[in-house]
Structures are given as structure tokens and as C-alpha cells.
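Reader: I would like to learn how to read cysteines and a helix in a structure. Please take one feature at a time.

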Amino acid sequence: MNTSTEPRSLDCAVIGGGPAGLTAAIYLARYHLAVTVFDDGSGRAATIPITHNHAGFPGGISGSDLMLRMRTQACSYGAQIRQGRVDALTHEKGEFVVSFGAKTLEARTVLIATGVTNRAPEMPKAMHDEALRRGLLRYCPVCDGFEITDKRVAVVGQGERAFHEAVFLRSYTPHITLLCPKGVDLNSTQRNRLAQVGIRIEIGPLQFELEQEAIVVRNLTSRSRFDTVYPALGTTVRSDLAQMLGATLLAEGCVRVDDHQRTDVRGLYAAGDVVKGLDQISHAMGQAGVAATTIRNDLCDQSPLVRRS
């Protein structure tokens, strides 16, 4: 995106170009604030083949198309978008310094919208990406559980997380298998619950193969075909930049914020999946609207925002 009109000092640097970051940029630009979004291209939303539960798109929309629309909208109001990774954040003389490559920009405020990364099952990356593109591998039961109604589904994972995901998906299909690569680590209550609702358990190690319309999983004793596999292996929260500035993190690594998306570092805000909550596009966008409005109001408290004729 064009950055020729980008000011040397920003009102807000938004780090992360997913649903939260771009929503915040739209709001901030429409508040007549100078905002730049830093997008390293690693966001999860852009990899979604098609989402059907995002309101306003009855036929669904791909993550890449949605992100393109949001970038176009943000830029139409004057937001700038830089493709690249932010390497460091510091706070000097009352302003934040954003370092990316050999360059820096100063900003009065920063919004962290860096999200999380999925922990993938052990398979070649090319196979993983192809399976994801074809819907043979899915990461969000809340997003697309409806699409696997009555299909053959496997959940890959360990312990409580995998247990809960398998039980959640049981409301969509009677054909659920829990695959535990490292052996079964469930208590008797969890095992009984799985048996009660008809979820069978198999153990690893696991090997994956792709067919035209199925994903095949082999273990030591069997070979099973599934319409979809859900990894329930957790996520890694991308909160290192917030931590670099001394912001408090929760036990799982999420950035702690108040009801207005403020961190405990003055001028630093966070929204989206990097904050604890429901990992959904709509939720991230709602948080971003709150964050952007809080940023605008906090800046106005520091120095009144008045339109000159």
C-alpha cells in the first residue's frame, strides 16, 4: 500500500493486519487520526477458505477476500498499511518507537492486534496447507461445525482440550473419533462421558494422507478415512511485543486488558485473539471498535481534537 503521505509521527500504530487491526484502522482513520497498520502476512483470518457465520455474507466469504475488502476500506479513509514485521517496540520520551527492518516510526499510541498461531499436527507443510484449503483440516468448530454435520470427523489432541472439542463437535455429527498421538491422558469421568456419547478413542503415533475427498489417518493398528480432521492442539499467543513493553500477560500468554481494551502500559491497547475471549472475527472486530474509540478519547483527553477550518 502507498505510504508516501505517512507522517513521521503517528497517532496510532496498529500491529497486526487481521480483522481486529483493520477494523481499528477504519475507525481511527474515520476519526481523522494518523494511523498505520503493520501486517506481516501471517494472520489466521486470511487462510480461511470460506466463512459462513460472518454476518452480512449469506453465501459465505473467503478470509482473503474479507481481508482485501477491509484493507481497501481502511485505505480509502487514509489509513496506511505497511507489509512487514515489527521487530521491536520501545517507549521513549513519551512516544512509542516502532522498529521494522532498518526503519522506525514514532506513535503516540499502539494497538496490539497480533493474534495467535495454531499448533498444527505433525504433517508436511504442503500437505497441511492443501488439506486446510480443501476443508479436510479445520481449526475452529465454532466457525464451521455446521459444515461437518453428519460427516466423519476426527479430533487430534490430548487431555482436557481435546476432550471438550470432541464433545462439542458431537452435537453436529454422530461420527466422532478422538485421536490421541501421545496416548490417552483422560480421567475416568472424561472417558465415561466419551463412551456415553459414542465417541471412540484411538492412539498414535499418527500418519496422514490426502485423498480427493477425504483425509486418511494411520496409527499402529488401523487406517481410517475422515471427511475432516480438527486439530485440538492449542495456539501460541503472539504477545511478545506487548511483553517487550512490560504489559501484563495472563497465564496462557494473552494480554491483560480492561473493559476498554487498555493494557496496564499507558498508551498501549490490545484487541482480537491476542486478548482472552472468543476467537471469532466478529468478536475481534467488536473489541477493535472499542479499542479505537478509547484511543481517540484518550488522545483527546491529552490534547483536544478540534477540526480546523
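**Cysteines and a helix**

Author: The torsion about the S-S bond of C140 and C143 is about 70°, so this disulfide is right-handed. The model is a predicted one.

Reader: What is a disulfide, in general?

Author: A disulfide is a covalent bond joining the sulfur atoms of two cysteines. Here C140 and C143 form one, with their sulfur atoms 2.3 Å apart. The cut-off is 2.5 Å, and by this rule the count comes to one disulfide.

Reader: Are C140 and C143 buried or exposed?

Author: C140 has 18% relative accessibility and counts as buried. C143, with a relative accessible area of 23%, is partly exposed. The limit for buried is under 20%.

Reader: Why does C75 not form a bond with C12?

Author: The closest cysteine sulfur to that of C75 is in C12, 15 Å away, which is too far for a bond. C75 is partly exposed, at a relative accessible area of 25%, whereas C180 is buried, at 1%.

Reader: Now the helix. What should I know about how residues point in an α-helix?

Author: An α-helix has 3.6 residues a turn, so residues three or four places apart point the same way. Helix α8 covers residues 281–302, 22 in number. From first C-alpha to last, α8 reaches 31 Å, close to the expected 32 Å.

Reader: Which residues of α8 are buried, and what covers them?

Author: The buried residues of α8 include I281, A284, A288, A291, I295 and L299. Among the elements that cover the buried residues of α8 are β1 (9–15), α1 (19–30), α2 (63–76) and β6 (103–112).

Key
Residues numbered from 1 in each chain as written. Predicted model: local features only at pLDDT ≥ 70, side-chain atom pairs only at ≥ 80, totals over all residues. Heavy atoms only, no water. Buried < 20%, exposed > 50% of the residue type's maximum accessible area, 1.4 Å probe, protein only. Helix = DSSP H or I, 4+ residues; strand = E, 2+ residues; numbered from the N terminus. Expected span 1.5 Å × (residues − 1). Contact = heavy atoms within 4.5 Å.
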